[in-house]
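Q: Please take one residue towards the end of this chain and look closely at its surroundings. Then follow its contacts outward, with the cut-offs spelled out as you go.

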Amino acid sequence: GEFIEILNLIRSRSNSDILSILDLGAGNGITSISFALSGYNVVALEPDPSNTVGAGAIEILKKHYSLDNVEIIKCYAEDLPYDPETFDVVFARQSMHHAYKLKDFVKQASRVLKKSGMYFSIRDHVVNNEIQKEIFLESHPLHKFYGGENAYSLEEYKDAITNADLTIILSLGPFDNVIN
């Protein structure tokens, strides 16, 4: 249901000429592969090389489905190696909160996005203040093992987006949509 709604939102708010999607923080590749199976050319960016939750898992799925429209790149979103205005859609599902420099993360996404393109970010950790952030990080089941979790306030996310010269056209709150 979530992926169908993502496709519906992308298609309803953009032109029909979407060909290329950059999936930032692609994780194990489920969304990247789904975009590819839906006919898009996809670059799956995932710095973790593992076969379980990282680029190795994406490679396994790419081979399983015999997809030639998926490229896998192992780097961080803050260091995108692409020319300006390369992608029709830059998609970030549960990845902005992993940014080591949130504003740079979004500026790089904006830089590689075509002028008529869409930056689409969903399902990030949101906190209201530093105390809530501290409690979140202390209680996160994986953060103590690898330290890669983070959370920002809604204002910090919005500020990073608008500072990257992007316009927020839709903001979904909890329970507003199947995506959340």
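**A residue and its neighbourhood**

A: Let's start with Asn 180, which sits in the segment after α7 (154-163). Helices here are DSSP runs of H or I with at least four residues, strands are runs of E with at least two, and both are numbered from the N terminus. The model is predicted: local features need pLDDT of at least 70, side-chain atom pairs count only at pLDDT 80 or more, and totals for chains, interfaces and linings use all residues. Residues are numbered from 1 along each chain as its sequence is written, and side-chain values use heavy atoms, with hydrogens and water left out.

Asn 180 has a relative accessible area of 34% and is therefore partly exposed; buried means under 20%, exposed over 50% and partly exposed in between, with a 1.4 Å probe and protein chains only. Beyond neighbours within four places in sequence, Asn 180 is in contact (heavy atoms within 4.5 Å) with Arg 123, Leu 172, Gly 173, Pro 174 and Phe 175. Its side chain has a polar atom 2.8 Å from the backbone oxygen of Gly 173, and the backbone oxygen of Leu 172 lies 3.2 Å from a polar atom of the same side chain. A polar contact is a pair of N or O atoms within 3.5 Å; within protein, one must be able to donate a hydrogen and the other to accept it, and residues adjacent in sequence count only if both atoms are side-chain atoms. Across the sequence, His 125 is 55 residues from Asn 180, yet their C-alpha atoms are 11 Å apart in space.

Arg 123, among the contacts of Asn 180, leads us on to the salt bridges. Arg 123 forms one with Glu 2, the closest N and O atoms being 3.7 Å apart. Because Arg 123 lies in the loop between β5 and α5 and Glu 2 in helix α1, this pair ties together parts that are 121 residues apart in sequence. The rule asks for a side-chain nitrogen of Lys or Arg within 4 Å of a carboxyl oxygen of Asp or Glu. Arg 123 is partly exposed at 32% relative accessibility, whereas Glu 2 is buried at 19%. Arg 93 joins them, and the three residues Glu 2, Arg 93 and Arg 123 are linked in a network of salt bridges.

By this rule there are 4 salt bridges. Another one is the meeting of the side chains of Asp 88 and Lys 114, at 3.1 Å from N to O. Asp 88 belongs to strand β4 and Lys 114 to strand β5, so this pair ties together parts 26 residues apart in sequence. Asp 88 is buried at 11% relative accessibility, while Lys 114 is partly exposed at 29%. Asp 159 also forms a salt bridge with Lys 103, the closest N and O atoms being 3.0 Å apart. That pair links distant parts of the chain, with Asp 159 in helix α7 and Lys 103 in helix α4, 56 residues apart. Both ends are partly exposed: Asp 159 has a relative accessible area of 31%, and Lys 103 has 41%.

Now for the interior. A nonpolar core is a set of buried Ala, Val, Leu, Ile, Met, Phe, Trp, Tyr and Cys residues joined through side-chain atoms within 4.5 Å. The largest such core has 27 residues, of which Leu 22, Leu 24, Val 90, Val 106 and Tyr 119 touch the most other members. β1 (20-24), β2 (41-45), β4 (87-93), α4 (102-112), β5 (113-122) and α7 each supply at least two residues of this core. Helix α4 gives the most, with 5 residues. In soluble globular proteins, nonpolar side chains tend to be buried together.

One more asparagine rounds off the picture. Asn 69 is placed in the loop between α3 and β3 and is buried, with a relative accessible area of 14%. Its side chain reaches the backbone oxygen of Ala 36 at 3.0 Å. Not counting residues up to four places away in sequence, Asn 69 touches Ala 36, Gly 39, Tyr 40, Asn 41 and Val 42. Ala 36 is one of the buried residues of helix α2 (residues 30-37), and the buried residues of this helix pack against α1 (2-12), β1, β2, α3 (55-64), β3 (70-73) and β4. Gly 39, just after α2, takes a positive phi of about 105 degrees.
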